[in-house]
Amino acid sequence: MKNEYDVIVIGGGPAGYPAAIRAAQHGRSVACIDDWQNYDGSRAFGGTCLNAGCIPSKALLESSELVHRAQHEFATHGISTGKVEVDLAAMQKRKAGIVKQLTGGIEMLLKSNRIDGLKGRGRLLPDNVVQYTDPDGKAHELKAAHVVLATGSTPIEIPAVKFDGERIVDSWGALEFDAVPERLGVIGAGVIGLELGSVWSRLGSEVTILEAMDSLLPMADENIAREAQKQFKRQGLDIRLGAKVTGAKAGKKGVSLSYEDGKGEHTLEVDRLIVCVGRRPYTEALLEDGTGVELDERGFVVVDGHCRTSAKNVWAVGDVVRGPMLAHKGTEEGVMVADLIAGEPGHVNYDVIPSVIYTAPEIAWVGQTEREVKDSGRAYKIGTVPFAPNGRAKALEQTAGMVKLIAAEDDDAILGVHVIGPMAGELIAEAVLAMEYQGCAEDLQRTVHAHPTLAEVLHEAALAADKRAIHAVNR
Ligand code: NAD
């Protein structure tokens, strides 16, 4: 460890570590400080995404999907098995193995780029001095020409429903259950609530989700949200809308919840409760007085369009700044900042950031919803095509869902693409690229799509926008 660096990044998650790597690629001397500690006390780079979020949840989601398919689809394929048993310990071990491989991979990447990966706490002092407290509690003062804050976010706690780490848990705790809860309560039908609710429901839990708002997925296109609600209901998820939780008491056997909705006060008994009502920027003990870094009223670090904070040569990226809390948004911001520090062009196109919800079926979109386009006053056309007649979807036994493409009436520009269905998170990449290249519906129409693939549904949706779909009814 040196005393002086060109760049110090505080936070080694999906926003911080790519910033460090890109800065090193530009020939800068770099340190990346990260304080992540796992339940077993081990330390790792990768932040929430790799250790406690995207990666472990997808590992479990895949396992739960296989259980579901074995129980409900194998027979249709002519495959018979005995009773399908779930070995949760083995499932959790596989998940932990994936996390370990990936977080270890980041440590290797830091090393191979000659970055000092410092495990411990970082704190910004005035004049670009960073205090680094190592795992033994010893504090070191490091100087940097540029500091990048990438400390991420942390779950919000409801005052009336305190986490106890046992029966009432956050999204991380919900990935560590050692037994499948018989009755699982979830507060919040947001991205995390729906993803985790899906996982445990497929593994056998009776899942009740309480959501304060009157509609599901308000940020998604209305048709997609409606289809999602239909599918989730069909799968047995009990989603209670307009249900505001007022309290929860954990006992030896379970959790007793109280909530109110339009019909009055109710109680609900569950074995375990996951609280996922959003996340807040994580800036605890990060900034000493006098750094000049401004926070907004919600605690986000204030930045301009290029992630510059109000302090000279201090930058901030990822969940700790405005915008959607998405790993890939943070990664692009981290890379942009490192490029800008090196005096090279850097830019993030905030209008074309894909969102993916990893439920089954998956939900993904990019660009504007129909409501947003309508409110903008721009004339538009729509192509909506279901997966049901698609040959690949049929072979996969995953025919639920649709692709909806919205394009401008005047110049044919693609304004938004919304998918609910198999591999939606993969399919959306084509729409993202088309929009990034300022493509129009006709560009997608004239692009050859392999047959039989799920991507043909996106192709047909582009055709349907001009009433030219071959395999779907043109409305
Ligand atoms: P969220 O904001 O997506 O959803 C929280 C939900 O909780 C909201 O619908 C809200 O109305 C509801 N709620 C709040 N208080 C409530 C109460 N007292 N009773 C009942 N309902 C209540 O938040 P999240 O699901 O916790 O996710 C946090 C962040 O992490 C989000 O920004 C999300 O985009 C991000 N994330 C993204 C992914 C992904 O991209 N696949 C995965 C996980 C998390």
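**Group meeting: strands, hairpins and helices in a predicted model**

Hi everyone, let's start with one pair: Lys249 stands opposite Ser256 in β13. Before going on, this is a predicted model, where local features need pLDDT of at least 70, side-chain atom pairs count only at pLDDT 80 or more, and totals for chains, interfaces and linings use all residues. Residues are numbered from 1 along each chain as its sequence is written, and side-chain values use heavy atoms, with hydrogens and water left out.

Back to the strands. β12 is joined to β13 (residues 255–261) by 6 bridges, and the two run antiparallel. Here two strands pair if DSSP finds at least two bridges between them; strands are DSSP runs of E with at least two residues, helices are runs of H or I with at least four, and both are numbered from the N terminus. The open sheet has 3 strands in the order β12-β13-β14, with antiparallel pairing. Its edge strands are β12 (244–250) and β14 (264–270), each pairing on one side only. From one strand to the next, the twist averages 20 degrees.

Now the hairpins. Strands β4 (residues 121–125) and β5 (residues 129–133) pair in the antiparallel sense over 5 bridges, and Arg121 stands opposite Thr133 in β5. That hairpin has 3 residues between the strands, and Asp127 takes a positive phi near 60 degrees. β5 also pairs with β6 (residues 139–149), again antiparallel, over 5 bridges, where Val130 has Leu142 as its bridge partner. This hairpin has 5 residues between its strands, and Gly137 in the turn has a positive phi of about 90 degrees.

Next, the helices. α3 (residues 54–72) and α4 (residues 88–112) pack at an angle of about 145 degrees, with axes 9 Å apart. The axes are lines fitted to C-alpha atoms over the stretch in contact, and angles run from 0 to 180 degrees between N-to-C directions. Among the residues in contact (heavy atoms within 4.5 Å) are Leu60 and Val67 in α3, and Ile98 and Leu102 in α4.

Last stop: how well does the length of α10 agree with 1.5 Å a residue? The 13 residues of α10 (residues 424–436) should span 18 Å, and the end C-alpha atoms are 18 Å apart, so the two agree. The expected span is 1.5 Å times one less than the number of residues. Buried residues of α10 (under 20% relative accessible area, 1.4 Å probe, protein chains only) include Leu427, Ile428 and Met435. Their cover includes β22 (414–421) and α12 (455–464). After α10 comes Gln438, with a positive phi near 55 degrees. Thanks, everyone!

Terms used
Buried < 20%, exposed > 50% of the residue type's maximum accessible area, 1.4 Å probe, protein only.
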